[in-house]
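Biologist: I am new to this structure and would like some help reading it. Could we go through it together, one feature at a time?

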Amino acid sequence: MLLIAGVAILIMALAGGGAWFYVAKQRAALDDGEEEIVTKHTSSGPPIYLPLDNMVVNLADAGGEKVAQIGITLELTDAHATEKVKQYLPTIRSGVLLLVSQRTSEELLQREGKEKLAIDILQEAARPFGGAEEPQPEETGKKVSAGAAKARAAKKAKKQDERPVQRVLFSSFIVQ
């Protein structure tokens, strides 16, 4: 009986020592990379959403009888971006109204039309922050070297990281 108790105490001591060693190693790793972990956590928090008031817009259909009622929610980079975007909301809403009014009901009833509109609204929302995209040389008929194309892609990626509006979501979409 004494032998069994001794073996049990030895096993518990080894398990406790192993657990202590594991925890100590984890703490050391945390201390070394603490700053990196904090940075990753703050950037990967829950998204911040800014809903806009619903908009009713006349569409570009012949006769002008078709209208769209659209509810838009903007996904922002972080809570600080909310105040920046709110300062420019009248400009963003005006741009969105102009974009939607150029569409026809047929375009907006198709999924592709809605997706294209969301992309256009995202570009319009980036305009007040210097993030509106310029026409690509391919679109204007100019030829571009590979180095210039890479530089343009890097510049575009940097602008996308800096703009406060990351995505456009539709909360309602009615075409009549």
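We will look at the overall layout, then the core, then a spot on the surface.

Modeller: Please keep in mind that this is a predicted model.

Biologist: How many helices and strands are there in the protein chain?

Modeller: There are 8 helices and 4 strands. Reading from the N terminus, the elements run α-α-β-β-β-α-α-α-α-α-α-β.

Biologist: What share of the residues counts as buried?

Modeller: A residue counts as buried when its relative accessible area is under 20%. Of the 176 residues in the protein chain, 24% are buried. The chain exposes about 12,500 Å², with carbon and sulfur atoms supplying 58% of that area.

Biologist: Which residues have the most contacts inside the largest nonpolar core?

Modeller: That core has 25 residues, and Ile-72, Leu-74, Val-85 and Val-100 have the most contacts inside it. Elements giving two or more residues to this core include β3 (67-76), α4 (89-101) and β4 (165-175).

Biologist: Leaving aside neighbours within four places in sequence, what is Val-100 in contact with?

Modeller: Its partners are Val-57, Leu-59, Ala-68, Ile-70, Leu-108 and Leu-117. For the protein chain, 72% of the contacts with a separation of 6 or more join residues 24 or more positions apart.

Biologist: Which residues form a nonpolar patch on the surface?

Modeller: Leu-3, Val-7 and Ile-11 do, with about 310 Å² of accessible area together. Val-7 lies in helix α1 (residues 2-32).

Biologist: Why is Val-7 called partly exposed?

Modeller: Partly exposed covers the range between under 20% and over 50%. Val-7 is partly exposed because its relative accessible area is 40%.

Methods. Residues are numbered from 1 along each chain as its sequence is written. This is a predicted model: local features need pLDDT of at least 70, side-chain atom pairs count only at pLDDT 80 or more; totals for chains, interfaces and linings use all residues. Side-chain values use heavy atoms; hydrogens and water are left out. A nonpolar core is a set of buried Ala, Val, Leu, Ile, Met, Phe, Trp, Tyr and Cys residues joined through side-chain atoms within 4.5 Å. Buried means under 20% relative accessible area, exposed over 50%, partly exposed in between (1.4 Å probe, protein chains only). Contact means heavy atoms within 4.5 Å. Accessible areas come from the Shrake-Rupley method with a 1.4 Å probe; for residues, only the protein chains shown count as cover. Patches are made of residues with over 30% relative accessible area and no salt bridge: like charges are joined within 9 Å, nonpolar side chains (Val, Leu, Ile, Met, Phe, Trp, Tyr) within 5 Å. A salt bridge is a side-chain nitrogen of Lys or Arg within 4 Å of a carboxyl oxygen of Asp or Glu.
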